[in-house]
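Q: Please take a close look at one helix of this model. I would like a connected account of its buried side, its surroundings and its charged contacts.

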Amino acid sequence: MSNSIKRLLLIVSAGCVGLVVIQLIPYGRNHTNPPVIREPLWDSADTRALAKRACFDCHSHETVWNAWYSKVAPSSWLVQYDVDKGLRELNFSDWGSGTREGERVDKISREIFDGGMPPLQYRLVHPEARLSIAEKSRLIEGLVATAGRR
């Protein structure tokens, strides 16, 4: 066997061992959702349905963890990071807990309108989260109305 083939086999073997070893790191594997504390007083069932479809996996305690990539490191780390960050930014399951939902809804509305939310990596693997322009408008209007209801 030539040296280049031996080197390639060594690199591939080291990569496989590395992937197995990182599975032992527990971050990104606690897939239990806390209970819903308080949802917003939704302005309509349509707004909630659109938010559930496009936002709830990262912005609620109703994350669906059944995708294979949410169970295998390092992708599970990225998923956990996104969910943790999303919950800090806006949490539909703990609405009104001393945060300024109106200001956050204004920010998230801009991000929805500009195409930043849901994020591209989420939309790629969750085609149901891709909202049409009309759906984005309805969601934004509904979130603004919902934030005003408190």
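A: In this predicted model, helix H2 spans residues 45-54, and its buried residues are Thr 47, Leu 50, Ala 51 and Ala 54. Viewed down the axis of H2, these buried residues fall within an arc of 100 degrees, so they line one face of the helix. The cover over them includes helix H3 (56-59), helix H6 (120-125) and helix H7 (133-149).

A residue-level view of this packing is given by Leu 139. Leaving aside residues up to four places away in sequence, Leu 139 touches Thr 47, Leu 50 and Ala 51, together with Cys 55, Ile 112 and Leu 131.

Leu 139 and Ala 51 also stand out in the largest nonpolar core. This core has 17 residues, of which Ala 51, Phe 92, Leu 139 and Leu 143 touch the most other members. At least two residues of the core are supplied by each of H2, helix H5 (101-114) and H7. H7 gives the largest share, four residues. Apart from this core lies another, made of six residues, including Cys 58, Tyr 69, Val 79 and Val 83.

The charged contacts of H2 come next. The whole structure holds six salt bridges. One of them joins Arg 138 to Asp 46, with the closest N and O atoms 2.8 Å apart. This pair links distant parts of the chain, since Arg 138 belongs to helix H7 and Asp 46 to helix H2, 92 residues apart. Buried residues are those under 20% relative accessible area. Arg 138, at 37% relative accessibility, therefore counts as partly exposed, and so does Asp 46, at 32%.

Arg 48 has two acidic partners to consider. Its side chain meets that of Glu 39 in a salt bridge, at 2.8 Å from N to O. Arg 48 is partly exposed, with 25% relative accessibility, and Glu 39 is likewise partly exposed, at 23%. Arg 48 also forms a salt bridge with Glu 62, where the closest N and O atoms are 3.5 Å apart. Here again distant parts of the chain are linked: Arg 48 lies in helix H2, whereas Glu 62 lies in the loop between H3 and helix H4 (75-89), 14 residues apart. Through salt bridges that share partners, Glu 39, Arg 48, Lys 52 and Glu 62 are joined into one network.

In summary, the buried residues of H2 line one face of the helix, while Asp 46 and Arg 48 each take part in salt bridging.

Definitions and conventions
Residues numbered from 1 in each chain as written. Predicted model: local features only at pLDDT ≥ 70, side-chain atom pairs only at ≥ 80, totals over all residues. Heavy atoms only, no water. Buried < 20%, exposed > 50% of the residue type's maximum accessible area, 1.4 Å probe, protein only. Arc of directions from axis to C-beta. Contact = heavy atoms within 4.5 Å. Core = buried A, V, L, I, M, F, W, Y, C linked by side-chain atoms within 4.5 Å. Salt bridge = Lys/Arg side-chain N within 4 Å of Asp/Glu carboxyl O.
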